[in-house]
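Biologist: I would like to go through this model with you and ask how each label was earned. Please show it first.

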Amino acid sequence: MFGCSALSCWAQPPTKPADDRIAEAIQHVSADRIRLTIEKLVSFGNRSTISPQDEASLKAGKGIGAAREWIKAEFERYSKDCGGCLEVKTDAFTEQPGDRIKNPTEITDVYAVLRGSDPQQANRIVLVTGHYDSRNSDTFNGTDPAPGANDDGSGTAVSLECAHVLSKYKFPATIIFLTVAGEEQGLNGSKHFAQMAKQQGWKLEAVLNNDIVGGDRNPEQDAGVVRVFSEGIPNAATDAEIRRIRALGGESDSPSRELARYIADVGRTYDAGVKPLLTFRLDRFLRGGDHLSFNQQGFAAVRFTEFREDYNHQHQNVRTEKGIEYGDLPKFVDPGYIAHVTRLNAATLASLASAPAPPTNVKMLTKNLENDTALTWEPSPGASAYEVVWRATSAPDWEHVQTVPTGTRATLKVSKDNVIFGVRALDAAEPRHCSLPVVPEPER
Ligand SMILES: [Zn+2]
C-alpha cells in the first residue's frame, strides 16, 4: 500500500524494470570527481555575475570569467574522450542595468549538446542545469570570497558529471548539459536561454534544475532523499487554460508535475542512492530558481534541492561569529550525496532520451453520459505500444497501468469522473522505455 487518506487508500505506483545500460551508466558517477569539480569552482574566489571577467582575472584564475573558461574546457575535455561527441557552446549576451546589476554586464551560459543518434528523435531535447555564479552576503560584492560550494557548485557539478558519464553512450533523443550565470542577480542566464529555446521552437521536453543539492552536513539532514519541486498551475497558462484546469480538476497535472512523477518512477526503478521526495509547489518560501525561467516559457521544469538547508551556509560572507561558522564552503557539502543526486538525474535524462516522443492530440471522448472511458491519440514517432495510466483524483502518483499493444485508442471500464488519466508511449526495446504521460483533453 502506497498511502491512505480518510476515505481511500492509494495503490503502489506501477514500476518499470531497469534498463541494464542505464543502470551501468549511473554506476560511473564519481563522488571524487564531483569533489574536485566543487573545489575547483571554489578556487575562483568569487563567481558573482558582477565579478571581474577581464584578461588579467582570467589569467589569475579569479572571478566568473575564469570559472566560465574552465567549465568550457571541461566539456571540451569530455568531448575529446568520446571522439568529439559533444558540441560545446555558449549563449552570451549583455544584461542591461536592473535591480541587482548596476552596469551593463556580459552574461555567458555554457553548455554541451549530446546530439540524439536517431534522426527522427534528435530534435527532442532533455536538459540538466545548474548555476555557476555565486554570491556572499552582499549581492553587489564581486571581490570578497563567495565560495558557492553548495549554491550552486553542487548543481554545476551535477551537470558536468552527467555530461562526463552519459557522453560515453548514445541516446535516440538529444541531451543538453547546461550551466548558467546570473541566477543570483535575477535568473538572467536561464531567462535568456529559455527564451532562446522558445523562439527557436525547441522541442524541449524536460528541464532538471539542480540548485543546492550538496547535502549540507547538518544533523537534521536526511541524506536519503532529495526534494523535487514542481509547479501546479503552469506559470505560462493563459486565462483560458486556467479556466479549463479549474473545470477539469487539473491543478496537479502540469507538465512539470508529470515530469516530477516520472522522476519518482525512475527513483523506484534505479538504485540512485537517494529517493526523490515530490514537493508539490514551485519552490521554497523566499527563494526562486532557474526552473521558473523555463516554466515561464511553457516548458516542463523541476527543481532538485537537498532536504534540509542550512542558511548559515548560503549567501553568507565567510566568517566565524559567536562560535558559528558562516559561508558556503566545500567542507559543509557531501560529495557522496551529490553523486547520488547525479545518478538520479542521469537515469532520468537517459530514460527520457531513450523513450519515444509523448503521444499528441490525446482525447477523452465525452459525447455520452457513460461510466466507461474512451481515449484516442495520435501515434508518436518511434512508439511501438502505449500505456494508459490512471490514479484516484486524490492520489499523488499514478496507481494503475494498462498496456495498449496495438492501435491508438483504448476503452477502459473506469469512470472518467473518478480518476485522472494519462497516456504514454513505449519503444520496442526490452525492457521498454516510456515517455512522459499526456493528460487527455475532453472532446464532445
Ligand atoms: Zn542557487
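Modeller: Let us begin with charges: a network of salt bridges links Asp-211, Arg-227, Asp-283, Arg-284, Arg-303 and Glu-309. The model is a predicted one, in which local features need pLDDT of at least 70, side-chain atom pairs count only at pLDDT 80 or more, and totals for chains, interfaces and linings use all residues. Residues are numbered from 1 along each chain as its sequence is written, and side-chain values use heavy atoms, with hydrogens and water left out.

Biologist: Why is the contact between Lys-89 and Glu-87 called a salt bridge?

Modeller: Side chains of opposite charge can pair when their charged atoms come close. The term asks for a side-chain nitrogen of Lys or Arg within 4 Å of a carboxyl oxygen of Asp or Glu. In Lys-89 and Glu-87 the closest N and O atoms are 3.9 Å apart, so the pair qualifies. By this rule there are 24 salt bridges.

Biologist: What makes Lys-89 and Glu-87 partly exposed?

Modeller: Buried means under 20% relative accessible area, exposed means over 50%, and partly exposed is in between, using a 1.4 Å probe and protein chains only. Lys-89 has 33% and Glu-87 has 29%, so both values fall in between.

Biologist: What does the salt bridge of Glu-220 and Arg-308 tie together?

Modeller: Their side chains meet at 3.4 Å, N to O. Glu-220 is in the loop between β7 and β8, and Arg-308 is in the loop between β10 (301–306) and β11 (319–321), so the pair ties together parts that are 88 residues apart in sequence. Arg-308 has 38% relative accessibility and counts as partly exposed.

Biologist: How do you know that the charged end of Arg-319 sits over the ring of Tyr-326?

Modeller: The rule wants NZ of Lys or CZ of Arg within 6 Å of the ring centre and within 35 degrees of the ring normal. Arg-319 passes, with its charged end 4.1 Å from the centre of the Tyr-326 ring. Arg-319 also forms a salt bridge with Glu-321, with the closest N and O atoms 2.8 Å apart. By the same kind of check, the charged end of Arg-261 sits over the ring of Trp-398, 5.8 Å from its centre.

Biologist: Why is the pair of Tyr-111 and Phe-193 called edge-to-face?

Modeller: A pair of aromatic rings is described by the distance of the centres and the angle of the planes. Rings of Phe, Tyr and Trp (its six-membered ring) pair if their centres lie within 6.5 Å; planes under 30 degrees apart count as stacked, over 60 as edge-to-face and the rest as tilted. Here the centres are 5.0 Å apart and the planes are at 85°, so the pair is edge-to-face. Tyr-111 is in strand β4 (residues 105–114) and Phe-193 in helix α7 (residues 188–199), 82 residues apart. Helices (H or I, at least four residues) and strands (E, at least two) are DSSP runs, numbered from the N terminus. Both Tyr-111 and Phe-193 are buried, and ring pairs link them with Trp-202 and Phe-294 into a cluster.

Biologist: What makes the zinc site irregular?

Modeller: Donors are N, O and S atoms within 2.8 Å of the metal (3.2 Å for Na, K and Ca); water is not among the atoms, so sites may look incomplete. The zinc ion is coordinated by His-131 (NE2), Asp-151 (OD), Asp-211 (OD) and Asp-211 (OD), at 2.0 to 2.6 Å. Four donors count as tetrahedral if all angles lie between 85 and 135 degrees; four count as square planar and six as octahedral if opposite donors are over 155 degrees apart and all others between 65 and 115; anything else is irregular. The angles here run from 54 to 146°, so neither label for four donors fits and the site is irregular. Both Asp-151 and Asp-211 are buried.

Biologist: How do you know that β15 and β18 pair?

Modeller: Two strands pair if DSSP finds at least two bridges between them. Strand β15 (residues 385–392) and strand β18 (residues 419–426) have eight bridges in the antiparallel sense, so they pair. One of the bridges joins Ala-392 to Val-419 in β18.

Biologist: Why is β15 called largely enclosed?

Modeller: Seven of its eight residues are buried, so β15 is largely enclosed by the rest of the structure.
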